[in-house]
Amino acid sequence: MNYDNAVDLIDHLIDQQSDKYFADFVPFTFQNEDYAELEMYLNVHFKPRFAEKIKFIAFALMYQHESYVYLDEAVANALYPDLKNKNLRNIGLERLGEIIDTMVIDNYGSLNILLKQENDFSLMRIEDGFSTIFFNLKGQLREEVESLVEHQGLYFKEID
């Protein structure tokens, strides 16, 4: 899949009204905006573990399904100009793991993993911080993702 087609597909999956899910570290959503102390603690002590869990999920899905991996253009321009407009699927797990660490731990940009299932695509989008969102999950793939997320001790939540 070429870069332009991938970007169009990613944009389409993000914009469509299908079910969206995310992996979260707690079973509820914080209602109180004044949780700065907890946020600081989690940023220091939990983000590296969260990144490890997200890498496990991403790599398991990549090896189970045909996949295509792309950085958002802004991230590629700023941090990885040599990877701009390239499918990162085969750059090696060590390098890809380092990129995921940057997205999660350093709160920087987005990495998009397109997962092909039959004639349809789903998207795993690893964004800055604790934000990993899944788009257009259906059938067996949805079950696999939910199982992987829960296996890693995270919570699989639908976005309303």
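This briefing walks through the cores, the helix packing and a few individual residues of the structure above. The model is a predicted one. Its largest nonpolar core has 40 residues, and helix H3 gives the most to this core, with eight residues. H3 also packs against H2, H5 and H6, which makes this helix a handy thread to follow.

**The nonpolar cores**

- Within the 40-residue core, the residues with the most contacts inside it are Leu 71, Leu 111, Ile 126 and Phe 134.
- Helices and strands both feed this core: at least two residues each come from helices H3 (47-64), H4 (73-79), H5 (93-105) and H6 (139-151), and from strands S1 (20-24), S2 (66-71), S3 (111-117) and S4 (120-126).
- Among those helices and strands, H3 is the one that gives the most to the core, with eight residues.
- Apart from this core lies another, of 12 residues, which includes Ile 10, Leu 13, Leu 114 and Ile 133.
- As background, nonpolar side chains tend to be buried together in soluble globular proteins.

**Phe 134 up close**

- Phe 134 is worth a look in the viewer: leaving aside its neighbours within four places in sequence, Phe 134 is in contact with Asp 19, Lys 20, Tyr 21, Phe 22 and Ala 23, among others.
- Further contacts of Phe 134 include Ile 57, Leu 61, Leu 123, Met 124, Val 145, Val 149 and Phe 156.
- Four of these names return in the packing of H3 on H6, where Ile 57 and Leu 61 come from H3, and Val 145 and Val 149 from H6.

**H3 against H6**

- The axes of H3 and H6 come within 10 Å and cross at roughly 150°.
- Because that angle is over 145 degrees, H3 is roughly antiparallel to H6.
- H3 passes H6 in a right-handed crossing.
- On the H3 side the contact is made by Phe 56, Ile 57, Ala 60, Leu 61 and Gln 64, while H6 brings Leu 141, Glu 144, Val 145, Leu 148, Val 149 and His 151.
- Sorted by class, these are eight nonpolar, two polar and one charged residues.

**H3 against H5**

- H3 and H5 have axes 9 Å apart and pack at an angle of about 135°, so H3 is oblique to H5.
- Here, too, the crossing is right-handed.
- H3 meets H5 through Lys 47, Pro 48, Phe 50, Ala 51, Glu 52, Ile 54, Lys 55, Ala 58, Phe 59, Met 62 and Tyr 63.
- The partners from H5 are Leu 93, Leu 96, Gly 97, Ile 100, Asp 101, Val 104 and Ile 105.
- This contact has 13 nonpolar, one polar and four charged residues.

**H2 against H3**

- Helix H2 (residues 36-45) and H3 pack with their axes 4 Å apart, at an angle of about 60°, and H2 is therefore oblique to H3.
- Leu 42, Asn 43, Val 44 and His 45 of H2 meet Lys 47, Pro 48 and Arg 49 of H3.
- By class, the contact of H2 with H3 has three nonpolar, two polar and two charged residues.

**Two lysines to compare**

- Lys 47 lies in helix H3 and counts as buried because its relative accessible area is 3%, under the 20% cut-off.
- Beyond its neighbours within four places in sequence, Lys 47 is in contact with Leu 42, Val 104, Ile 105, Asn 107, Gly 129 and Phe 130.
- Lys 47 and Thr 132 are 85 residues apart in sequence, yet 12 Å apart in space, C-alpha to C-alpha.
- Lys 138 lies in the loop between strand S5 (132-135) and H6 and, at 45% relative accessibility, counts as partly exposed.
- Leaving aside its neighbours within four places in sequence, Lys 138 is in contact with Gln 117 and Asp 120.
- From Lys 138 to Gln 117 the C-alpha separation is 9.1 Å, with their positions 21 residues apart in sequence.

**Positive phi outside glycine**

- Asn 85, in the loop between H4 and H5, has a positive phi of about 65° although it is not a glycine.
- At 40% relative accessibility, Asn 85 counts as partly exposed.
- Glu 118 sits in the loop between S3 and S4, with a positive phi near 55°.
- Glu 118 counts as exposed, at 70% relative accessibility.

Key
Residues are numbered from 1 along each chain as its sequence is written. This is a predicted model: local features need pLDDT of at least 70, side-chain atom pairs count only at pLDDT 80 or more; totals for chains, interfaces and linings use all residues. Side-chain values use heavy atoms; hydrogens and water are left out. A nonpolar core is a set of buried Ala, Val, Leu, Ile, Met, Phe, Trp, Tyr and Cys residues joined through side-chain atoms within 4.5 Å. Buried means under 20% relative accessible area, exposed over 50%, partly exposed in between (1.4 Å probe, protein chains only). Contact means heavy atoms within 4.5 Å. Axes are lines fitted to C-alpha atoms, for helices over the stretch in contact, and angles run from 0 to 180 degrees between N-to-C directions. Angles under 35 degrees count as roughly parallel, over 145 as roughly antiparallel, 65 to 115 as roughly perpendicular and the rest as oblique. A crossing is left-handed if the near helix is turned anticlockwise from the far one by less than a right angle, and right-handed if clockwise. Ala, Val, Leu, Ile, Met, Phe, Trp, Tyr, Cys and Pro count as nonpolar, Asp, Glu, Lys and Arg as charged, and the others, Gly among them, as polar.
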